[in-house]
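Subject: Handing over a structure, with notes on its pockets and helix contacts

Dear colleague,

I am passing on to you the structure below, together with a short account of what was found in it. Please look through the structure first and then read the notes beside it.

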Amino acid sequence: METNIQPVVYKIDDNIHGLQEFKSEILNRGFDMEIDIILEYPTVYIHNWNNKEDYEVYIGESNNIIQRTKQHYDKKNDKTEWQYQLTTHNASLYIVGHSCFNKSLTLDIENRLMHYMLSVDCVKKIHNKRGNPQRKYYPYKELDNIFQMIWTKLHKYDKNLFPSESFIKDSAVFKASPLHKLTSDQEMVKNIIIERVFEALDSGSRNQLIFIEGEAGTGKTVLNSSAFYEIITKAKEERGEQISCYLMVNHDEQITVYSQIARKLGLVEHYGEVVCKPTSFINHHTTEDPIDVAFIDEAHLLLTQGKQAYQGSNQLQDIIDRARVTIVMFDENQILTTEQYWESEILNRFRTQAKLKSNYFVLENQLRIKASKDAIVWIDKFTKTHIIEELPENLGGYEIKIFDKPELLEEALKEKACCEEHKLSRMIATYDWEYNSKSASSGRVGKFWEVIIGNWHKPWNRELEKNFTRKEKSKIRSMSWAEQPHTINEVGSTFTIQGFDLNFAGVILGPSIKYRNGKIIYDPELKNYKKIKQYRTLSDGTKKQFGEKLIQNEVRVLMTRGVEGLYIYACDKELREALLSASKRR
């Protein structure tokens, strides 16, 4: 079945008088299919009110919208926080109906509205608790089509509160949201995580480790976010407990995203600051008084040696010692610096610790890149086995293009970014050009630290904002690097893009990535980043360098960012020619 039947959407004043006027109006119209849908079918509703420029919302579904809404206004009832705010703010109510609505479909619409509105910049808080995503039902195949029509009508009412779908889906908050409907594999692992966490809390056990591995784009962040949110809220709602639960990530951009989610869902208000960096957590908690649950996203970014504020030797072990249960999301192929390098023996010890308790899981399905299997295999062979094969005929709608000049790559990428659906398209590069965030001028050629290739040059990430006013900086503070409009004129790095998606990724492979005798090789001596080139003292006292492996990981991180396409320019002449040749044979 495929329906193009339009949904019914009404906007009314969110008070008893507005409801009464609405009821009188629809009853006076006599028989009308639209009215029948509102009064006799299940409906979804959105309460919203604003304070200055920010909105707060509550989203629900009901089999009797008139009666249900009356209850929210009834002065005799004990009011929740959001119901009280309805009576003290100038609020409005959106009522949504459709002839296909049943209980399951309205629950899915409600959940997706929560998911979308969590990602809207002007929505400060969503007052709902956890969502309730459904499995298969009739007509679940129509969910996407019906929701799109609903959102389009809401967008016509208020473009600020209901921005375009492409704007929502490009949001970093949307991509990390705990309100995603999970795949069956993710759902299975999440349910086991929840079960093991509460078993550990009930038994009083400590130092439990749940270890989830998966490559870039396999859904680790969404699983992490969803399990964290469900555990912290389920403990309070169903068990009457307020557990100590923290979410950590050693990445500044992702800390910002997770912090926004926590604030918008009311977690900070009810539980305090639950998002933090690993070093801060370790320095403020002790082994004598462990917390209940620690979630670690991008655990491969944890330090495995001391550094400045961190005086230990392994952040993962220090976190496990300070928590009753620790859940980690790990990808060995995304380790990027010497101080993050994991010795095989130590890493396998943690894997074994989890396996002995049946707490080890692997996510394998690629969920980010919208491409054919052949296209993904081509990227895998380039980034893992150092082979350049002929570009496959079938890319599955994905684009892979090779450029012989950086100017042409920039031009093509900006053309994509001009389109609303592809505006999250950016240039990103390997760390082969000098950059020093602590130095204002030393070593810098021009006004900014730049990526320079012949006569072509572009500022590194975070450079252009240095000339912004305080007001301009405040406007972009909560946005990830790629979401900021001006960054179309910058070049990103793994520091700003790791863990995030782009529509099209314009990857510049610097001089350290070469092609010799039919193989891709990596030359750490051409890097301008000492954390890749420096020696590491291992547990047996020997000192080794891991530059080639770390560059390989860096290249893989960059080349797996594009959801819809990958554009490549290589500085090394032989590599560029090999790529162009592979492209022309297609």
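A crossing of two helices is called left-handed if the near helix is turned anticlockwise from the far one by less than a right angle, and right-handed if that turn is clockwise. With that in mind, the crossing of α16 and α21 is right-handed. Please keep in mind throughout that this is a predicted model.

To stay with this pair for a moment, helix α16 covers residues 373-384 and helix α21 covers residues 547-559, and their axes come within 9 Å and cross at roughly 155°. Angles over 145 degrees count as roughly antiparallel, and α16 is therefore roughly antiparallel to α21. On the side of α16 the contact is made by W378, I379, D380, F382, T383 and K384, while α21 brings Q552, V555, R556 and M559 to it. Sorted by class, the residues of this contact are 5 nonpolar, 2 polar and 3 charged.

Two further helix pairs are worth following in the model. In one of them, α5 and α6 pack with their axes 11 Å apart and at an angle of about 50°, so α5 is oblique to α6. The crossing in which α5 passes α6 is right-handed. From α5 the contact draws on L105, D108, I109, R112, L113, Y116 and M117, and from α6 on L143, D144, I146, F147, I150, W151 and L154. By class, this contact of α5 with α6 holds 11 nonpolar and 3 charged residues, with no polar ones.

In the other pair, helix α9, which spans residues 184-203, packs with α10 at an angle of about 45°, the axes being 10 Å apart, and α9 is therefore oblique to α10. Here, too, the crossing is described as right-handed, with α9 passing α10. The residues of α9 that take part are Q186, V189, K190, I193, I194, V197, F198 and D202, and they meet V222, L223, S226, A227, E230, I231, K234, A235 and R239 in α10. The contact of α9 with α10 has 10 nonpolar, 2 polar and 5 charged residues.

Turning from the helix pairs to the empty space, the largest pocket contains about 1700 Å³. Its lining is made of 45 residues, of which D252, K307, S437, F495 and K531 are the closest to the centre of the pocket. At least two residues of this lining come from each of α11 (252-264), α18 (470-476), α19 (494-497) and α20 (530-533). Divided by class, the lining of the largest pocket has 13 nonpolar, 17 polar and 15 charged residues.

The second largest pocket has a volume of about 1400 Å³. It is lined by 49 residues, and the closest to its centre are F174, K175, H180, L367 and D501. Several elements each supply at least two residues of its lining, including α5 (103-118), α6 (143-157), α10 (220-239), α11 and the strand β22 (562-570). The lining of the second largest pocket divides into 14 nonpolar, 17 polar and 18 charged residues.

Finally, two details of the backbone may be of interest as you go along the chain. The peptide bond from Y138 to P139 is cis, with omega near 5°, and P139 lies in the loop between β5 (123-126) and α6. N207, although it is not a glycine, has a positive phi of about 55°, and N207 lies in the loop between α9 and β6 (208-214).

With best wishes

Key: Residues are numbered from 1 along each chain as its sequence is written. This is a predicted model: local features need pLDDT of at least 70, side-chain atom pairs count only at pLDDT 80 or more; totals for chains, interfaces and linings use all residues. Side-chain values use heavy atoms; hydrogens and water are left out. On a 1 Å grid over the protein atoms alone, a cavity is a set of points where a 1.4 Å probe fits but cannot get out, and a pocket is an open set with protein on both sides within 12 Å along at least five of seven lines; lining residues have an atom within 4 Å of a point. Grid points are joined across faces, edges and corners, and a volume is the space filled by probe spheres set on the points. Helices (H or I, at least four residues) and strands (E, at least two) are DSSP runs, numbered from the N terminus. Ala, Val, Leu, Ile, Met, Phe, Trp, Tyr, Cys and Pro count as nonpolar, Asp, Glu, Lys and Arg as charged, and the others, Gly among them, as polar. Axes are lines fitted to C-alpha atoms, for helices over the stretch in contact, and angles run from 0 to 180 degrees between N-to-C directions. Angles under 35 degrees count as roughly parallel, over 145 as roughly antiparallel, 65 to 115 as roughly perpendicular and the rest as oblique. Contact means heavy atoms within 4.5 Å.
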